[in-house]
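Me: I've got a structure on my screen and a few things to ask about it. Can we go through them one at a time?

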Amino acid sequence: MADLVLEPGRVKLSDWRRIAGEAPHLALDPAARPGVEASVALVAKIIAEGRVAYGINTGFGKLAQAAIPNDKLAELQRNLVLSHAVGTGPLLADNAVRLILALKAASLARGHSGVRWAVIQRLLDFANLGLLPCIPAKGSVGASGDLAPLAHMTAAVIGVGEVRYQGRIMPATEALSAAGLAPLELAPKEGLALLNGTQVSTALALLGLFAAEDVFAAAMVAGLLSLEAAKGSDAPFDPRIHELRGQPGQRDTATWYLAHLQGSRIRESHLDCSRVQDPYSLRCQPQVMGAALDLLRQAAATLEREANAVTDNPLLFPDANDPHGGDVLSGGNFHAEPVAFAADILALAIAEIGALSERRIALLTDPTLSGLPAFLVAEPGLNSGFMIAHVTAAALASENKQLSHPASVDSLPTSANQEDHVSMATHGARRLLTMAENTAGIVGIELLAAAQGIEFHRPLQSSERLEAVHALIRQAVPAYDQDRFFAPDITAASTLVQQGVFRAWVYNLMVSI
């Protein structure tokens, strides 16, 4: 029994997140099968009638003018896969490969690719059995599809290359045999359909989106804890301010901030303080985090559409009333520019979430700004406290600045200038996990710093919601009363961020949760 049935064209972002994180048993909606079989029948009709159609009985790319005889069509597809399996670099992670398999199966099952149901099902067999093709991370420019990485995926299906199975890497033939499967022989059009498409760049961008949502959630929580630690004002969250601007993310985050401060005794203790305004890293959180939220939502919408799209080439449009059986149209849906743009704006959001968090850490560790002990530790001087933890945060924020340069503005022509503009979406998406890991480190440090700052205000309590967050942090990391080996504390806090434990606090703001 399937844990998750994929309805081609209608899979939700939350389902893709589940596939990446939980590895549910997958099945295809059987209602998609007639459309798949109609497209396969159209391929057979084209071949039987001797019509020339790109990718079915011709060469590929610049070699599209070369006609291929019928008795060589199976060899044509195999040669395509082998010649295009030229990836380099480290292997993609298991969750990325699982997501790629599911994305490709769902796309092909839309019924416009001419791929047999058994082949599409085989992709889900791989995912369900834990047969994960070894896919090198580098080698795609994000146009004409993610050719090289998808070729490595497809090679495993035909028994070539390597597969990770039951915890070790082995030849594909050995893994298939151990799993009780035989290598497939690809029929006309199938190799090209499997290699064309944006599924690798989309999978990596989806993983980047999910990680960005996790760091966003944690940074929202950390920002409020820092506000409390620094005895900042809640006046900047007044809804009247944000209604005048009208930016939806800003309005939504401000509402969230205000709601989570309700009942704070720390806030009540300084209602009549002499401070006129807080630094921007506290006061402008709705403006910065709200803008980041708008970008996350925009990227999520793009990637949800792309994950459900048909992105190979050529595309088949079966028509029972057409004497030729329908149309075969060559286009450019494999060009991953939408994914590249989504990845670039995610990179900007991730970098800025971390940059704002780093500024709050700097504020908390500076007694002239925070009013707290220097570097958040008793007996500063004897103890260095959070001094160098902030340096680490600054290093991570700076690295993210470098990584956030847009990939989509770059292009190098390929395939003898036939593919003369490319998206670079694949490596643009691949960097997102590194950036999110950096920001998780920054926000993890802020969570520790803010929790420490709040404790200097005891016995005053923050709001009930924020005290629950404080308790969660203290379950993972004890208070910092004197210098100790600090790295494990930071690892524990950043792990909380990466595991998404703060999602529950912001679930109503996110798209894929």
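Me: Let's start with a salt bridge. Which residue does the side chain of Lys189 meet in a salt bridge?

Reply: Keep in mind that this is a predicted model. Lys189 sits in the loop between H7 and helix H8 (190–195), and its partner is 123 residues away, in the loop between helix H14 (285–307) and strand S8 (315–318). The N to O distance is 3.2 Å, and the partner is Asp312.

Me: Is Lys189 buried or exposed?

Reply: Buried means under 20% relative accessible area. Asp312, the partner in the salt bridge, comes out at 2%, so Asp312 is buried. Lys189 has a relative accessibility of 0%, so Lys189 counts as buried.

Me: What about Asp214 and Arg503: how many residues apart in sequence are the parts that this pair ties together?

Reply: The side chains of Asp214 and Arg503 meet in a salt bridge at 2.7 Å, N to O. Asp214 lies in helix H9 and Arg503 in helix H21 (residues 503–506), so the parts tied together are separated in sequence by 289 residues.

Me: Which residues are linked with Asp214 and Arg503 in a network of salt bridges?

Reply: Asp214 is buried at 7% relative accessibility, while Arg503 is partly exposed at 23%. The network of salt bridges that holds this pair also takes in Arg17 and Glu213.

Me: How far apart, N to O, are Lys45 and Glu49 in their salt bridge?

Reply: Lys45 is partly exposed, at 30% relative accessibility. Glu49 is partly exposed too, with a relative accessible area of 38%. Their side chains meet in a salt bridge with an N to O distance of 2.9 Å.

Me: And how many salt bridges does the count come to?

Reply: Side chains of opposite charge can pair when their charged atoms come close. The cut-off for a salt bridge is a nitrogen to oxygen distance within 4 Å. By that rule, the count of salt bridges is 25.

Me: Moving on to Phe486, is that side chain's residue buried or exposed?

Reply: Phe486 lies in the loop between helix H19 (464–476) and helix H20 (487–498). Leaving out residues up to four places away in sequence, Phe486 touches Gly385, Phe386, Ala389, Leu448 and Tyr480. The relative accessible area of Phe486 is 13%, so Phe486 is buried.

Me: How far apart in space are Phe486 and Ala389, C-alpha to C-alpha?

Reply: Ala389 is among the residues that Phe486 touches. The two are 97 residues apart in sequence, yet in space the C-alpha to C-alpha distance is 8.1 Å.

Me: Phe486 also lines the largest cavity. About how much space lies in that cavity?

Reply: The count comes to one cavity of 30 Å³ or more. Along with Phe486, the lining includes Phe386, Leu448 and Tyr480, which are also among the contacts of Phe486. The space in the largest cavity is about 40 Å³.

Me: Which element gives the most to the lining of the second largest pocket?

Reply: That pocket has a volume of about 510 Å³ and is lined by 24 residues, with Ala93, Asn95, Leu207, Ala211 and Leu433 nearest its centre. Elements giving two or more residues to the lining include helix H1 (13–22), helix H9 (199–229) and helix H18 (425–455). The one that gives the most, with six residues, is H18.

Me: Last one: which residues form a nonpolar patch on the surface with Val391?

Reply: Val391 is in helix H17 (residues 387–403) and is partly exposed, with a relative accessible area of 45%. The patch has about 250 Å² of accessible area altogether, and Val391 shares it with Met387 and Ile388.

Terms used:
Residues numbered from 1 in each chain as written. Predicted model: local features only at pLDDT ≥ 70, side-chain atom pairs only at ≥ 80, totals over all residues. Heavy atoms only, no water. Patch = residues over 30% accessible without salt bridge, like charges linked within 9 Å, V, L, I, M, F, W, Y side chains within 5 Å. Areas by Shrake-Rupley, 256 points an atom, 1.4 Å probe, with all protein chains shown as cover. Helix = DSSP H or I, 4+ residues; strand = E, 2+ residues; numbered from the N terminus. Buried < 20%, exposed > 50% of the residue type's maximum accessible area, 1.4 Å probe, protein only. Contact = heavy atoms within 4.5 Å. 1 Å grid on protein atoms, 1.4 Å probe; cavity = no way out; pocket = protein on both sides within 12 Å on 5 of 7 lines; lining within 4 Å. Points joined across faces, edges and corners; volume = space filled by probe spheres on them.
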